[in-house]
Amino acid sequence: MGSRNQATLIGLSAVLLWSFIVGLIRAVADHWGPVTGAAMIYTLASVLLLATLGVPRPRQFPRAYLVWGSLLFVLYELCLSLSIGYASNARQAIEVGMVNYLWPTFTLVAAIVFNRQRANVLVIPGFVLSMLGICWVLGGEQGLDLAGMLANLRQNPLSYALALAGALVWAAYCTVTARIAQGTNGVTLFFLLVSLALWGKVLVQGQGLGAVDVTWPALVTLLLAAAAMGLGYAAWNVGILRGNVAVLAGASYFIPVLSSALSAWLLHAPLTLAFWQGAAMVCGGALLCRAATRSRT
């Protein structure tokens with residue numbers, strides 16, 4: 001039991017590390033630019049994964065997992081990093097991060113629809129509560145305010161659209177890989193592919209490091225972001241393989257609230273009561289969906 005508990009604690013550390021990601025990605029984007037910053041984060045995170053999980057061996061992966069896993073993972077990470085990087089300000093970056101955290105709810109609904117996961121009627125109020133929570137977050141200080149939400153979305157439709165697309169893509173990734181991965185884990189290879197995709201975008205846009213003012217705070221922020229990303233996945237892998245999966249899954253549903261609190265602290269962006277109410281709804285909706293599937297599993 002000791003080793004299992006230790007593995008569970010390592011897995012829980014991933015929840016904490018991932019909760020820093022939104023704030024750190026935004027901070028890196030402020031220093032290095034949205035695309036170049038993201039490319040550097042994923043490059044360093046890939047190095048960390050190579051050091052902790054070893055060199056990937058693509059021939060050992062099922063071909064379907066190699067193709068679909070690569071495609072969906074790369075798309076998700078691009079949506080996540082660029083949605084946060086392209087946000088107009090720190091508050092909007094946190095809101096975009098909250099939209100991305102619709103993925104637990106979407107994943108459970110996808111499991112019911114496509115993987116024939118049995119569930120009860122609680123999944124309906126759970127889904128509605130999550131969507132209502134996002135509307136509450138985007139409505140501003142008034143909470144549920146349709147006009148305010150639409151005005152907010154019009155300020156930067158690209159970031160919000162990327163975040164929503166990312167949530168849907170990650171739900172698809174979780175649903176598909178659960179059926180075709182056959183116990184393999186290609187996260188290191190996928191991170192390398194994300195890095196290549198981002199550096200390709202840097203080259204196409206003609207961006208680089210020439211105009212970047214490299215400072216110690218910028219370097220420290222970059223290293224912290226890469227560590228949170230890379231070590232988070234490595235720790236989660238240990239927890240899932242050797243720890244208590246039920247504890248880890250339950251803890252992961254509270255990432256939206258923890259992430260928002262840490263991001264607000266890192267980015268010096270105070271959040272309103274209405275935001276926290278919406279964040280609680282998103283978490284509550286995901287937990288209801290989880291309860292709907294667990295009760296008949």
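Q: Which residues does T272 touch, leaving aside those up to four places away in sequence?
A: In this predicted model, T272 touches R91, G140 and E141, a list that does not count residues up to four places away in sequence. The place of T272 is in the loop between α13 and α14.

Q: Why is T272 called buried or exposed?
A: The relative accessibility of T272 is 18%, and buried means under 20%, so T272 counts as buried.

Q: What makes H268, in that loop, buried or exposed, and what is its phi?
A: H268 lies in the loop between α13 (255-267) and α14 (273-294), and because its relative accessibility of 70% is over the 50% that exposed requires, H268 counts as exposed. Its phi is positive, at about 55 degrees, although H268 is not a glycine.

Q: How do you know that R91, one of the residues touched by T272, forms a salt bridge with E95?
A: The closest N and O atoms of E95 and R91 are 2.9 Å apart, and since a salt bridge asks for a side-chain nitrogen of Lys or Arg within 4 Å of a carboxyl oxygen of Asp or Glu, the pair meets the rule. E95 and R91 are separated by about one helical turn, because they stand 4 residues apart in helix α5 (residues 90-100). E95 has a relative accessible area of 4%, which is under 20%, and E95 is therefore buried.

Q: How many salt bridges are counted, and what makes R26 and D30 one of them?
A: The count comes to 2 salt bridges. R26 and D30 form one of them, with their closest N and O atoms 3.3 Å apart, which is within the 4 Å cut-off. Because R26 and D30 lie 4 residues apart in helix α2 (residues 21-32), about one helical turn separates them. R26, at 8% relative accessibility, falls under 20% and so counts as buried, whereas D30, with a relative accessible area of 53%, is over 50% and so is exposed.

Q: Why is α4 called roughly antiparallel to α9?
A: Helix α4 (residues 63-85) and helix α9 (residues 157-180) pack at an angle of about 155 degrees, with their axes 8 Å apart. Angles over 145 degrees count as roughly antiparallel, so α4 is roughly antiparallel to α9. The crossing of α4 and α9 is left-handed. Among the residues that make the contact are W68, L72 and Y76 of α4 and V169, W170 and Y173 of α9, and by class the contact has 18 nonpolar, 5 polar and no charged residues.

Q: What makes α3 oblique to α4?
A: The axes of helix α3 (residues 34-53) and α4 come within 9 Å and cross at roughly 135 degrees. This angle is neither over 145 nor within 65 to 115 nor under 35 degrees, so α3 is oblique to α4. α3 passes α4 in a right-handed crossing. The contact is made by P34, V35, A38 and Y42 of α3 and E77, L80, S81, L82 and G85 of α4, which by class are 6 nonpolar, 2 polar and 1 charged.

Q: How do α2 and α11 pack, and what classes of residue make the contact?
A: α2 and helix α11 (residues 216-242) pack at an angle of about 145 degrees, with their axes 9 Å apart, and their crossing is left-handed. The contact includes I25, V28 and W32 of α2 and L222, A225 and M229 of α11, and its residues divide into 14 nonpolar, 2 polar and no charged.

Note on methods: Residues numbered from 1 in each chain as written. Predicted model: local features only at pLDDT ≥ 70, side-chain atom pairs only at ≥ 80, totals over all residues. Heavy atoms only, no water. Axes fitted to C-alpha atoms, helices over the stretch in contact; angles between N-to-C directions. Helix = DSSP H or I, 4+ residues; strand = E, 2+ residues; numbered from the N terminus. Left-handed = near helix turned anticlockwise from the far one by under 90°. Contact = heavy atoms within 4.5 Å. Nonpolar A, V, L, I, M, F, W, Y, C, P; charged D, E, K, R; others polar. Buried < 20%, exposed > 50% of the residue type's maximum accessible area, 1.4 Å probe, protein only.
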